[in-house]
Amino acid sequence: MTHCGRPFFAVVAAGLAIVTGTAATGAQTATAQGGTAVVAGQVIDATTGRPVGGAVVTLALGAPADASATGQQPLAPAQSRRGVAVANSDGRFVFRDVPAGTFSITATRPGFAAGASGRRRPGGPGRPFTIGNGARLTNTTISIWPLAAIGGTVRDDRGDAAVGVAVWALRRAVVNGRLALTFAGSVESTDERGRYRLANLMPGSYAVQIRTHTQTAAVSTVDAWRAAVTSGTTGPMMGQMSQTGGLRLTTAGLVVDDWQVSVSSGMTQPIPGPDGSLLIHPTLYHPSTTDPGAAAILTLEAGDERLGIDLTLPLVAGMRISGVLEGPEGPAPGHGLRLYPLGPDRLDVDQAAAYGTTDRAGRFALLGVPPGRYLLRAYRVPMRTPVARPVPSAAGALPGTTVEVLPPSAGPSLYAELPVAVGTSHVDDLVVQLQAGARLSGHLVFDGTTARPPAERLQQVSLTVYPMAGSSPANDARVDTEGRFTTAGYAPGRYTLFTGRAPGPEWTLASVRVAGVDVAGRTFTIGTSDINDVVVTFTDTVMTLSGTVRAADGGTETDATIVAFPADAREWIEAGMPRGRLATASTSSNGTYQIRLPLPGDYHVVAVPLDASPEVDPDFVARFAPQAVRVSFARGETKTQPLTIGRAR
Amino acid sequence: MRLAAALALLAIVAPHTQTREAGPRPSGTAVLGGRVVHDGTAVARAVVTLDTGDGRADRQTLTDDDGRFAFERLPAGRFLLTASKPGWVTSFYGSARPGRPPGVRVAVADAARADVEIPILPGAVIAGRVIDESGRPMARQFPWLLEYRTIGDRRLLTRARPPSMVGYFERMTDDRGQFRLFGLPPGTYYLVTTPTIAAGARIATTEEVRWATQTGESGIPPPPPGAIAGYASVFHPGTTDPAGAQPIVVGAGDVREDVDIRVGFVPVARLTGVVTLPDGTPARATLTMKLVDSPISLEGMNRRVTASPDGRFTFQNVPPGTYVLAVRAASDSTPAFWGEATVTVAGQDQNMGIALVPASVVTGRVAFAGTSLAPPADLTRIRVQLIDTESLVSAMTGAAGPGTVHSGAVASDGSFTVPGLTPGRYVAAATWPGMRTGDGTAGWWLTSIRAGDRDLGDAPIDVPAGADVRAVTLTFSDRIGAIEGVLVDAIGRPAPEHFVMAFPVDRTSWTPGSRRIVAPVRPGTDGRFRLAGLPAGEYHLAVVTAVEPDDAADPAFLEAILPGAITVTVADGETLRQDLRIGR
């Protein structure tokens with residue numbers, strides 16, 4: 001680390017450094033802003049009212065950014081930051097020499113959901129405040145919320161501590177209108193005593209899960225993979241895996257006959273059983289069920305600590321599912337397969353129980369499958385390589401700027417789906433047939449007084465066909481210079497179509513006609529044949545609703561979220577709550593609001609108090625639909641409507 | 001970039017593992033079985049992994065309730081066995097130190113059964129809390145385990161090498177500031193954490209809080225602002241000085257639960273400046289900041305920033321210390337430039353100007369001296385890499401930062417250019433997909449480096465100040481030397497408990513990165529050993545009872561074993577047969 005080896009250069013180096021001065025203060029500090037106002041306050045724990053020392057407090061121009069789903073606060077951009085302070089042991093902070101303006105304050109400390117000026121619940125919206133020259137705003141209180149924790153001990157079927165096992169906190173949430181257990185960003189491993197602690201949980205409802213999925217590939221395939229890893233030539237195999245949803249192969253695993261089976265880190269090892277079976281610890285939910293619908297739901301408030309959430313892993317015999325995967329040109333080699341449990345209808349957990357890869361002859365096996373009902377799935381999407389495309393200077397970019405875009409899909413997408421029931425014996429000799437998925441094609445229509453967008457703008461439009469039941473991967477379709485598009489192929493099922501990017505700020509989606517029926521913001525069925533007459537219409541008119549929000553006492557309400565959702569709420573929920581007919585806005589500081597409705601139709605509009613979560617799920621609809629005002633909108637209409645703040649409970 | 005550096009180094013110091021085309025797996029009548037035990041007691045549900053050594057994927061099985069395992073229907077061969085279990089120290093069968101490779105290959109003949117006992121140790125536990133100066137828990141911090149390694153003539157604090165990932169690598173502190181690292185091999189460890197905080201955060205002082213909250217006294221002048229808050233790396237129990245780090249010694253299964261780190265703010269500064277090219281125009285340079293004379297070799301310790309188009313750069317939150325700034329500027333249209341500056345920081349912001357000078361270029365060509373293999377069809381897939389010997393150590397400790405490895409493209413005619421080099425000494429390497437596919441019979445090795453008509457041997461390439469190095473020829477051969485034989489003890493029994501080492505007779509090759517330094521090997525249970533990947537030359541062959549991988553390039557170690565060594569000559573591509581017998 002010294003310069004002994006090259007003294008000559010050390011001398012030169014010293015000569016190169018010219019220290020031109022020292023400065024005691026910099027621009028990004030809590031002082032020296034040239035203003036005369038003082039902003040001071042205190043950070044408190046919202047659950048106890050006690051001060052929180054050591055919190056990092058930021059003063060920035062404008063409204064505070066939204067906190068993330070895990071309660072973390074993104075740091076304001078450097079150019080809008082006007083001071084960063086570390087709260088003293090009484091939680092107090094001071095910003096001085098603050099210029100007049102509109103600011104927000106945010107406060108963070110690891111282990112807490114971030115606070116912000118105006119934020120009343122963890123993860124809720126914050127509000128800016130305005131100060132004048134020479135003002136002294138010294139009683140600002142910023143609440144932060146201690147995150148919750150779940151802890152317990154995991155034992156295996158022998159009663160031994162289960163060590164190094166990943167324990168997941170899954171958040172109960174509504175996805176596509178269905179209750180689902182979704183990843184909450186929280187997973188921890190058990191220690192050598194089998195203990196775990198899932199800290200840093202946002203308030204909410206959680207299930208605790210330990211998961212197992214096996215991954216099976218032919219011994220010849222993993223040998224080829226190992227050889228490719230060693231010689232640095234994994235590219236072709238990696239490409240095939242990513243096209244077909246295959247998991248990355250491993251270079252070590254349990255060998256059963258001609259197959260190698262492995263599990264991911266944080267899962268317990270399968271144990272070889274009799275006659276090609278594997279003894280495994282199946283995916284388990286607290287308190288002791290393999291059925292996600294029967295999982296105990298732990299509802300946590302800020303700062304809650306739920307201990308003694310113990311699990312004991314049962315050992316079950318997992319069987320084999322095997323067969324051959326056939327494509328249009330015969331057996332499909334090197335192809336990924338996934339086995340999904342057919343769960344209870346009331347709960348969606350999008351996790352495979354087993355993964356497989358076909359060998360060179362298209363044969364596959366999935367080992368260690370616990371008894372149950374499953375859907376075996378395979379798909380292949382065409383390989384698309386991003387191409388650089390120049391950005392038109394009309395878009396405000398510097399000349400020569402390029403953007404990487406995916407070209408329109410080439411070739412058909414293939415899929416296969418086969419229900420499989422597994423009991424106490426193997427399921428062998430399956431023939432799984434890959435079929436071409438149905439494709440959508442059509443064109444864009446521009447209905448308005450604004451000129452039709454130029455060709456390069458049309459090419460920026462992306463259309464997403466989104467599966468409501470997760471049977472095909474969501475895939476973007478691109479539009480050509482003439483405004484025509486063709487999507488990838490999809491398996492039969494219910495879908496919704498939305499536009500990812502409009503051809504310009506003045507254009508919004510007006511309708512999506514499939515076989516003459518408008519399905520914008522709704523779902524539609526894709527069967528086994530292509531759909532060729534899709535018309536996607538954009539309009540340059542907008543629909544807005546505006547007015548004033550009154551508090552229950554008749555005064556002006558400045559802290560509300562305005563939500564508009566379809567008036568035919570039951571049909572909308574049953575369709576999976578497709579996005580596209582949902583809009584939200586916030587009240588301004590004088591109690592007025594303006595909300596832009598996305599599509600024509602009948603809406604329920606409601607003013608949600610700030611301490612209620614504006615997350616729109618069936619519970620929200622049940623609670624607020626009776627309090628809502630019904631408003632009908634035709635294309636281009638503008639209306640006013642006074643609202644009264646809703647009741648959270 | 002870090003991975004690239006690590007891989008490049010692997011190509012230099014260790015032969016690639018062998019591979020073959022994946023045909024059907026050979027099967028046979030040999031059986032390799034045994035027990036996994038601790039203190040004579042069975043260890044159930046341990047994963048036993050069998051490495052066949054033929055480049056195929058490893059086979060695994062689990063021990064039963066009696067700790068027994070068996071791999072059946074094996075072809076005759078020599079196999080490496082490891083036993084692992086979460087919370088336990090991964091055991092390499094026959095290894096000299098618990099939890100550390102290399103193990104000893106077990107030889108099994110056709111129709112024979114070998115039974116081995118693999119001892120496995122319960123892992124140690126190091127647990128504690130990360131707390132701030134007021135004793136408050138610090139959540140979401142990453143404590144890292146360190147250990148000392150001797151590399152060449154340097155003793156460095158480096159990241160402890162995990163024998164198993166479970167529980168061992170850094171785990172985030174929970175909401176109580178607690179962490180628990182388990183499954184650790186016995187040893188002496190140090191613990192470090194490096195908290196971060198937003199740049200420029202000022203610590204609120206009692207005086208300014210009183211001043212701000214006493215309304216009606218706005219005429220009173222404000223007290224001085226508080227200090228800027230910042231952190232340096234902090235070692236257990238709470239020092240930023242590596243020399244003051246307290247060792248944590250654990251034996252097998254020991255549990256240490258009081259290993260706290262107390263973290264305080266340090267006076268930090270902002271380091272700003274302007275980088276200029278020789279013509280005085282601003283340079284869009286990258287700057288790497290490194291602590292001078294630090295015994296720490298850790299990934300992420302060297303910070304890097306990029307200057308803006310006007311040549312300005314800023315390092316935020318710089319803890320006190322003396323740093324060297326290594327500066328590089330390059331673009332497609334202009335030659336590369338470099339500069340270096342040393343600066344001492346002690347809580348005061350500093351502003352500096354750094355003038356760059358032209359960097360050097362190494363140019364040359366790759367050549368192939370194949371006897372059985374055709375040269376690679378597409379030479380443009382070859383990457384030529386130069387690593388300066390100063391940075392080699394950080395590459396070896398896994399701490400390699402950006403800029404450690406200088407990479408150059410090869411044109412379709414085999415010519416190459418590596419630009420942007422500062423004066424120094426460089427070790428050369430090259431890689432391409434598919435470079436090696438065999439265990440000494442298939443693949444390519446860099447066997448000779450010539451500068452003009454001068455053979456450099458194992459000496460690094462010298463890059464002088466202000467001059468380029470041209471006409472460097474890197475020659476690859478598809479033949480590489482090896483030494484193999486049988487090691488027996490004084491009465492003729494196989495001696496797998498020892499190590500066999502080969503090292504060059506030429507002392508100038510006794511450096512980290514030398515192509516003639518190969519890792520020591522353990523003979524198998526049948527006494528057979530093989531040292532592969534040896535360029536032609538004279539070697540000392542020695543048998544030692546204990547050796548650490550780092551010792552192979554430690555001149556003091558090599559001098560010490562020299563009296564017991566014999567001298568052999570390996571011709572180009574020759575597999576030299578040399579049996580060894582240990583004298584009394």
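## Close-ups of a two-chain predicted model

**Figure 1. Chain B as a whole.** For 584 residues, a compact globule would come out near 25 Å in radius of gyration, and chain B, at 28 Å, agrees with that. (Radius of gyration here is taken over C-alpha atoms, and the globule rule is 2.2 Å times the number of residues to the power 0.38.) Along the principal axes, the C-alpha atoms of chain B fill a box of roughly 100 × 65 × 45 Å. This is a predicted model, in which local features need pLDDT of at least 70, side-chain atom pairs count only at pLDDT 80 or more, and totals for chains, interfaces and linings use all residues. Residues are numbered from 1 along each chain as its sequence is written, while chains are lettered from A and ligands numbered from 1 in the order in which they are written.

**Figure 2. What the two chains are built from.** Chain A comes to six helices and 52 strands; chain B comes to four helices and 46 strands. (Helices are DSSP runs of H or I with at least four residues, strands are DSSP runs of E with at least two, and both are numbered from the N terminus.) Buried residues make up 46% of the 649 residues in chain A and 46% of the 584 in chain B. (Buried means that 20 or more other C-beta atoms lie within 10 Å of a residue's own, exposed means 12 or fewer, and partly exposed is in between, with C-beta atoms placed from the backbone.) In chain B, 74% of the contacts between residues at least 6 apart in sequence join residues at least 24 apart. (A contact is two C-beta atoms, placed from the backbone, within 7 Å.)

**Figure 3. A four-stranded sheet in chain A, with a chain B helix lying across three of its strands.** The sheet is open and mixed, with the order S5-S2-S10-S7. (Strands count as paired if DSSP finds at least two bridges between them.) S5 (92-98) and S7 (112-113) of chain A are the edge strands with a single partner each, so one side of each has no neighbour in the sheet. S2 (residues 37-45) and S10 (residues 136-146) of chain A pair in the parallel sense over seven bridges, and Gln42(A) sits opposite Thr141(A) of S10(A). Helix H2 (residues 206-213) of chain B lies across S2, S5 and S10 of chain A, at about 65 degrees to S5(A). (Axes are lines fitted to C-alpha atoms, for helices over the stretch in contact, and angles run from 0 to 180 degrees between N-to-C directions.)

**Figure 4. Helix H2 of chain A, largely enclosed.** H2(A) (residues 219-231) has 13 residues and reaches 18 Å from its first C-alpha to its last, close to the expected 18 Å. (The expected span is 1.5 Å times one less than the number of residues.) Because 12 of those 13 residues are buried, the rest of the structure largely encloses the helix. Among the buried ones are Val219(A), Trp225(A) and Arg226(A). They pack against S16 (214-218), H3 (235-244), S17 (252-256), S18 (259-263) and S28 (354-357) of chain A. Right after the helix comes Gly232(A), with a positive phi near 70 degrees.

**Figure 5. Backbone oddities in both chains.** Most residues other than glycine have a negative phi, and most peptide bonds are trans. His286(A) and Pro287(A) are joined by a cis peptide bond, with omega about 5 degrees; Pro287(A) is in the loop between S21 (284-285) and S22 (298-300) of chain A. Over in chain B, the bond from His236(B) to Pro237(B) is cis, omega near 5 degrees, and Pro237(B) lies in the loop between S18 (234-235) and S19 (248-250). Asn200(A) has a positive phi near 60 degrees; it is found in strand S14 (residues 195-201) and counts as buried, with 26 C-beta neighbours inside 10 Å. Ala515(A) has a positive phi near 50 degrees, but with 10 such neighbours Ala515(A) counts as exposed.

**Figure 6. A five-stranded antiparallel sheet in chain B.** The open sheet has the order S25-S23-S27-S28-S30. S25 (303-306) and S30 (357-358) of chain B form the edges, each with a single partner strand, so one side of each lacks a neighbour in the sheet. Nine bridges join S27 (residues 321-329) to S28 (residues 337-345) of chain B, and Val324(B) stands opposite Thr342(B) in S28(B).
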